[in-house]
Every structure is written in C-alpha cells, then in structure tokens.
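Hi,

Here is the structure I promised to pass on. Have a look at it first, and then read on for my notes.

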Amino acid sequence: MIRRLAAALATAFLVCSPLTAQSVRAPRDHFGHDIGADRTLADWGALTSYFEHLAQASDRVAVDTLGLTTMGRPFVMLTITSAANHDRLGELRDLQLKLADPRSISGEAELSRLLDEGKTVVLITQGIHATEVGASQMSANLAYELASSDSEKIREILDNVILLQIPSLNPDGLQWVADWYMSLVGTEYEAAPLPWLYQFYVGHDNNRDWYAFTQEETILTVQGAHNAWHPQIVHDVHQMGGNGARIFFPPYIEPWDPNIDPALTAAVSQLGTYMAAELTSQGKDGVVVNAQYDAFTPARAYMHYHGAARILSETASARMATPVTISPDVLGPGRNFNAAERSWNFPSPWEGGDWGLPDIVEYQKSGALALLTNAARNRRYWLENFHGVNRRAAEGWADWPDAWVIPSGQDNEAGITYALRSLTMADVEVRQAEAPFTVGSSSFGAGSWVISMNQPYASFANTMLEVQEYPDLREYPGGPPQRPYDVTAHTLGYLLDFDAIAVDGAIEVSLSDPVAVPDFDFRLPEHLSGRDAPRVGLYKSWQEPMPEGWQRWVFDQHDMVYDTLHDADIQGGALADYDVLIFQAQSAASIRSGHAEGTVPPPYAGGLGDVGAEEVRAFVERGGRVIAIETATDYLRELFDLGISDRTDRLPNTEFYIPGSILRLELDAASEIADGMRSEVAAWYWRSSMAFDVDDPRVRVAARYGSGDPLLSGWVLGGEHVAGQPAILEANIGEGSVVLFGFQPNYRAQTMATWPLLFNAIR
Ligand SMILES: [Zn+2]
C-alpha cells in the first residue's frame, strides 16, 4: 500500500489490499542487477520505485512519504509487519503510545493487556551519511526478504515486530553520491570524493542534529517516526574506516550520559552482543563490540531519552562501491581493542584481503535480521522494559530536581524560543505559569515556563538543561586521559544564553496546557538589512567544510543576503563587488590548495592558489574586511604576516585537550564586536579551536577566554593554558581590516549566544 501524507504525523492508517507474495519482484529483476554489487549504486528514484512496487505487491509492506527533504525529494518510510498486524496498525500504535506514557494506563489489568497484545516496534534508519553507501542499498534486500519469505524466522519477525524502515535519512545526498559515483566509474576518478557537502547545509554533521532539530530530514524523522511511534529499538546503520574491525555493535564504551535509564544501557548491551554473537556464529570474522563509540551526547542519541535502545552499527568501508584490498599490516589497535589480536570483544579477527560493497551489504543485512529476531523473540521483555523506563521517568528520579523553571522576563526571547522548540519537539511537556509563584527560595513571574521532571521524557529535559560533568576517564589508572569520541557539553542555557533554574518542592500555581512547538524566532540585526548593509561573500571551497554549511543555514534562517564565492569567482576578481569576505573554519592548506590535481575531476581540483591569495590581499588593502574562523585564521596570518600564533598548538594532548566544551568568554566593551552584549558570554571551544599569542602592534584583542577557571560545562584538560588568553583578534591592514575568531561563534547552529559576535564583525 502506498500512502502519501502531507503532514508528518500520520494518524489514519489505510487498509492494505491483500495480494500474494508470489508477485513480489526480487531486486535483481527490478533494478537489472544485484543490489550491493561491486561498482553499482541504485539511485533514489530507483530505490523509491522499488519500495512502491513492494507496497503494491505485498500486504506486509506499506510506504509513506513523510514529507520533502531539504532539496525537495520525497522522504519515505516503510512499515513492514504481518498482514494481520497491518489490518490493525492504528490500534497497535495506540497501544504502543500508551506504553510510552504510563500515566495513561488505567491499572494492572490494562497494562497486562497492553503487554500481551503489543508488538516490538523497531525503527531502522539507513544512509544518514551518504558516502557510507551500503545501508541504503541493503534496505532494498532487507525489505524484499521480509516481503517475500515464508521462512519460520521471517514469520516470527513479521508476527511480533512492527518494522519502520527509513531507507535513507538523507535522500539528497544519496542521489548526489550515486550520480557522482556512477558518472566516474571506470574513469581515473572512480570513487573520488564528492566536492560538496552531502547534506546541503550540514554534511556529515546531520547525525549531530538530534536535539537542535534544524534540518528537514531530522524533523521529519523525529515527528513522523520517533514521536509517532516511540519505538523500543532504533538501529542506525553506518560505516567506518576500512582498516580495522569489519563491523561494530554495542556495548558502547564509557561514558554513558547518566540521564539514560540503567535498564536501557543493559538492553543496548544485550542486543548488540546478541547481534555480534549471531554474525560470529555465521562465520563472519572481524565483529567487535565494546569498542570505539561511547554514549554521552544526545546530539546523536535522541532515542536514549525516549525509552528506546540505540543500536549503532559501523561496518568497514570500501571506496564507496569500489572494492579494496586490505593488507594485514594495517590492522592494528583501535579504541578498546586491537584488530590484529583475538580478544573477548573481538573473538574472531578478520585477517585482511578483499573487501567490497557485497561484503558490506551482507554484514549489514545479517545484523538487521539478528536485531529483528531478538526483537521478535523477546517481544514481552522489550515491552516491559520500555514501559519500565518510561514509568520510572514519569515518577521522577531521585537525583533529578522536581522541575526546571525558565523564568519569564529574560532579555532573550529568541534563545528561549529556540530552547522551547527543542524541548517540545522532543515531546517534553512544557507549561506556562498563569501567575507569579515561589518554590523554596526562588520566586518566578507569571508566564515562566515549567518543565516538571516527572514525565516520560524528563531525561531529555534534564540533560539539555543541566551542566554536564564529563567524567575524567584515563586509559589506565594514573595514565593519560581517554579522549572523548564526541563533544562533552550541550547545556542549552549556555548555548542559547538564557537562565533555567532547577527547583525542588511543590509548584503551587495554575499551569497552562503543554505549549505547542514554536517556530524559530531569528531576527537579523538591523545593520545587516536594508540598502546600507555590507555586501557579504562567504567562501565555499570544493573541500567544503561543515562549519561553512552551518553558517549558510544560520544566514538563510535570518533571511540575510550574501553570496557564495568559489575559488574561480575570487580568482576572477569577484571581490570587487563585496565589502566583507568570510572564511569559515577550514585549514589554510585546504583553502590554498584544495583537492590535489588528479584526485578529482579538473574543475574541482586546486584551491585559491596564488591568484586567489593576491585577490584577497588586494581586497583588504583597498578597504575590504575579511573574517576568518578558527583554523582559517592561519590563512590570514600567513597572507598578512601577522605576529600571532596558537599557543595550544605547542601542547601535547596529554597536557591540554578540550574536545567540545563550553567556556566563559570575556568581551572587550571597547570593540564593536561586543556591541549590545554583556561583558561575559558562553562560548564553544572545539578540539581545533585556538587561544592566541599576540606579538604584533597592528593586532587588538576583542575577547579573551575566561580568566581563572574558564569551564562552564563539559570537560577540559589544562584549562589554565587558555584562561585569560586572546580569543578574538582584530587588525587594520592597509585601508581594510581582518577579524580572527579562535573558536566557532556558530557551532552546529547551536551557539546562539555567540552569533551576535559574528554578526557584529560583519560591517
Ligand atoms: Zn556514519
């Protein structure tokens, strides 16, 4: 059955037309080749037409279009279960939503009926990273087997599981990669890198968007799959580098965010271990668990705060669909295992040799079927565990406050709206006080927002509002620090610049119904709109960095006028038409040289080169302004021979390491860059951020990292090396000027607190 839903939230379910399984076409007959064959990628049009065929031919499969992607392609979800379950899908979903909110269950008798009748709901998401090409191809094979097989194993899955399959979390990227790859197969550029971000704005960061919810694909998945169904299990299928294990499953390594229910941690570990055991027993070598990936940041793990086990899998990559041969010599140590040695969490090492898309698809499909078998066979466990996690959250945890309050009357409506949007889109109930009230020693005005900490998704609210205390993990007792896999802080109050207060005690004031999801409320500063606004160019390399894409998103959300400038534009004299040029975070070498000749088709090779550098220099000399962020400051330092350096560059990472934390920033009120801002603000410090040493009379300091202990949230090692040190520099050069940011004022569109610094710098 094929359904097209204008709204992301489907409430009505159509009845399937019963057809025999015999009419289901195998992928080979539909695509004209085996799915997952070497050097062949099916594109989005071919894949979606196959899913429509399955929906027409099988009473086990339905297809919904949840909405449109960033670039306007259909974003689809398959619902796969037995025909009998399809006939009562609406009823089964209502039942699932009751287990998701135990407050709605009337008593033991109803609970027992829900546990008897419910199905394990599994969401499998594929292809979020479009160059990890295997999973979306595999989705067709998996759907075919579930639609056509009458084996006992498949019957068991169909009877006990409702599978929601999103075959691509990034259809735009899938299409671009398939077009690019297939156009180059058989040429000297086969498997060359795509020369632009494979999600229009955020590229690879699209799996770090799962609390800010900025991109269309994130929103459609959260509203149309997660919140519409609240699955018990979510399986996100990825690929990793090719020189280690063949596939990773959980358990994750430490740390886990302490706001995740212990029974979910255990559930993730049992399911991942089961999948690894299945594959190993099938004779698949190179399966590793408890390595590489941790479970700390909600940016990648929406489900861990919504009662679901997150099963990440990472399969070794080839070169897109081009096979590779891996020498045994390159198989060596990874995080918490060694790919060259047998160990309990890597019991059957892979010995090297040929590896390609057929292997990737085979490993991934076996993993998905093992997961579905576990979900089916342990149906009652999954439902009871899910209910238990949600019930404990609805009762409130002992170490959570009774509520969080966002006081009214704060001078940052846009930041609060952004936060309320995050919380409510994550199904957190936020209510407004209808009168002033007092809790303990704190008093709040009418209109303050109250987030009670006894509700099913309270853990999401708590992790987003509290200050992160990332554990100090060492590689061995007394040894060097174990470096985090990802960032260590996400406190919304700092990122978006507002206060949220944890309170204990009864809130005795009348509260509104839960507020609806608000829209973003971004307002462009006055000096950037109208006829007198500076003309802005944003540099876009053919090695396009993600921060540049995130910057475009922020500018577009503000309806700011700017142009994207490529190497050839700048080399051709385009800067004559601009007042400001922005280099987002990108290394000087990459700006200068781009892709090496011979590695990509000629139009995409090279960078700004000498001609472009001369244009940038002349632009500044005659009055232009150039803003460079983080690593791009090296490019300006070299171009203008600035007497500055990054003092953290010289420190070993055993002495200094900040992997993504929130620091205090002290602004110089005399600088235009601080216009309209308080003297201190929270800034994001990333692993490639910089603290400057300055020895140049042309250079002024506009902001410094906080003196004393600069850390606000997350983790730092050696914070004293940046405390009180220059973070933003300005210099007049010729008739023009440059501004250098040592950190990213716009990090993943989440650091609204420091957006004004960049907007102020554009003048
Ligand atoms: Zn990935």
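Let me start with a sheet. Keep in mind throughout that this is a predicted model. There is an open sheet of 4 strands, ordered β15-β18-β14-β19, and the pairing is antiparallel. The edges are taken by β15 (431–432) and β19 (501–503); each has a single partner strand, so one side of each is left without a neighbour in the sheet. If you want a place to zoom in, try β14 (residues 403–406), which runs antiparallel to β19 and is joined to it by 3 bridges. Across that pairing, Ala403 sits opposite Val503 in β19.

Next, the metal. The zinc ion is coordinated by His129 through ND1, by Glu132 through OE, listed twice, and by His238 through ND1, at 2.1 to 2.4 Å. The angles among the 4 donor atoms run from 56 to 154°, and the site comes out as irregular. For comparison, the ideal angle for four tetrahedral donors is 109.5 degrees. Along the sequence, the donor residues follow the spacing H-x2-E-x105-H. Glu132 is in the loop between β4 (120–126) and α6 (134–148), while His238 belongs to strand β6 (residues 233–240), so this pair ties together parts that are 106 residues apart in sequence. Glu132 and His238 are both buried.

Then the aromatics. Searching the whole structure gives 41 aromatic pairs. One of them is Trp355 with Tyr363, an edge-to-face pair with 5.1 Å centre to centre and 75° between the planes. Trp355 and Tyr363 are both buried. There is also a cluster, in which ring pairs link Trp176, Trp180, Trp196, Trp542 and Tyr604.

Two arginines lie over ring faces as well. Arg246 is over the face of Trp350, at 3.6 Å from the ring centre, and Arg552 is over the face of Phe200, at 4.7 Å from the ring centre.

Last, a helix. α13 (residues 413–425) has 13 residues and spans 18 Å from its first C-alpha to its last, close to the 18 Å expected at 1.5 Å a residue. How much of α13 is covered? Mostly covered is the answer, with 12 of its 13 residues buried. Among the buried residues of α13 are Tyr418, Arg421 and Met425, along with Gly415 and Ser422.

That's what I have for now. Shout if anything is unclear.

Cheers

Notes. Residues are numbered from 1 along each chain as its sequence is written. This is a predicted model: local features need pLDDT of at least 70, side-chain atom pairs count only at pLDDT 80 or more; totals for chains, interfaces and linings use all residues. Side-chain values use heavy atoms; hydrogens and water are left out. Donors are N, O and S atoms within 2.8 Å of the metal (3.2 Å for Na, K and Ca); water is not among the atoms, so sites may look incomplete. Four donors count as tetrahedral if all angles lie between 85 and 135 degrees; four count as square planar and six as octahedral if opposite donors are over 155 degrees apart and all others between 65 and 115; anything else is irregular. Helices (H or I, at least four residues) and strands (E, at least two) are DSSP runs, numbered from the N terminus. Buried means under 20% relative accessible area, exposed over 50%, partly exposed in between (1.4 Å probe, protein chains only). Two strands pair if DSSP finds at least two bridges between them. Rings of Phe, Tyr and Trp (its six-membered ring) pair if their centres lie within 6.5 Å; planes under 30 degrees apart count as stacked, over 60 as edge-to-face and the rest as tilted. A charge sits over a ring if NZ of Lys or CZ of Arg is within 6 Å of the ring centre and within 35 degrees of the ring normal. The expected span of a helix is 1.5 Å times one less than its number of residues.
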